[in-house]
Amino acid sequence: DVYKRQDKNNFDVSNIQENIDLVKTRLTNFDLDGNFLLEFDCSYIVRKENYRWLISVGTTNNKTSKSMK
């Protein structure tokens with residue numbers, strides 16, 4: 001499956017703490033031929049620690065993901 005790059009204006013960024021942001025967006029999934037498969041919401045927790053960015057990702061309504069509902 002292929003995910004197309006998102007426009008930076010499609011990201012909703014909320015500052016939680018000085019070193020933590022919550023980022024929300026909607027992802028679109030395509031097959032290798034470019035045919036639409038599905039769309040789903042995605043959230044990132046971005047945390048800066050010792051000059052490095054650590055990223056956690058979760059999807060909330062991705063029918064293909066069984067790890068988080």
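# Strand pairing in a predicted model

Reader: How many bridges join β4 to strand β5?
Author: This is a predicted model. In it, β5 covers residues 52-59 and runs antiparallel to β4. The number of bridges joining β4 and β5 is 8.

Reader: Which residue in β5 is the bridge partner of Lys 48?
Author: Look along β5 for the pairs. Gly 58 in β5 stands opposite Ser 43. Lys 48 has its own bridge partner in β5, Trp 53.

Reader: Which residue in the turn of the β4 and β5 hairpin has a positive phi?
Author: The hairpin leaves 2 residues between β4 and β5. One residue in that turn has a positive phi, of about 50°. That residue is Asn 50.

Reader: Over how many bridges do strand β3 and strand β4 pair?
Author: β3 spans residues 20-30, and β4 spans residues 36-49. Their pairing is antiparallel. The count of bridges is 11.

Reader: Which residue in β4 does Arg 26 stand opposite?
Author: β3 holds residues 20-30 and pairs with β4. Opposite Arg 26, in β4, stands Asp 41.

Reader: Which residue takes a positive phi in the hairpin of β3 and β4?
Author: This hairpin has 5 residues between the strands. The phi in question is positive, near 90°. The residue is Gly 34.

Reader: How many helices and strands are there in the chain?
Author: Read along the sequence, the pattern is β-β-β-β-β. The chain has 0 helices, and its strands number 5.

Reader: In which strand is confidence lowest?
Author: The chain averages a pLDDT of 80, with 77% of the residues at 70 or above. Confidence is highest in β2, residues 12-17, at 92. The low end is a mean of 49, in residues 2-3, which form strand β1.

Reader: What percentage of the 69 residues count as buried?
Author: Buried here takes under 20% relative accessible area. Of the 69 residues, the share that passes is 23%.

Reader: What share of the exposed area do carbon and sulfur atoms supply?
Author: The chain exposes about 5700 Å² in total. Carbon and sulfur atoms account for 48%.

Reader: What share of the contacts between residues at least 6 apart in sequence join residues at least 24 apart?
Author: Take the contacts that span at least 6 positions in sequence. Among these, the share joining residues at least 24 apart is 24%.

Key
Residues are numbered from 1 along each chain as its sequence is written. This is a predicted model: local features need pLDDT of at least 70, side-chain atom pairs count only at pLDDT 80 or more; totals for chains, interfaces and linings use all residues. Side-chain values use heavy atoms; hydrogens and water are left out. Two strands pair if DSSP finds at least two bridges between them. Helices (H or I, at least four residues) and strands (E, at least two) are DSSP runs, numbered from the N terminus. pLDDT is the predictor's confidence in each residue, from 0 to 100. Buried means under 20% relative accessible area, exposed over 50%, partly exposed in between (1.4 Å probe, protein chains only). Contact means heavy atoms within 4.5 Å. Accessible areas come from the Shrake-Rupley method with a 1.4 Å probe; for residues, only the protein chains shown count as cover.
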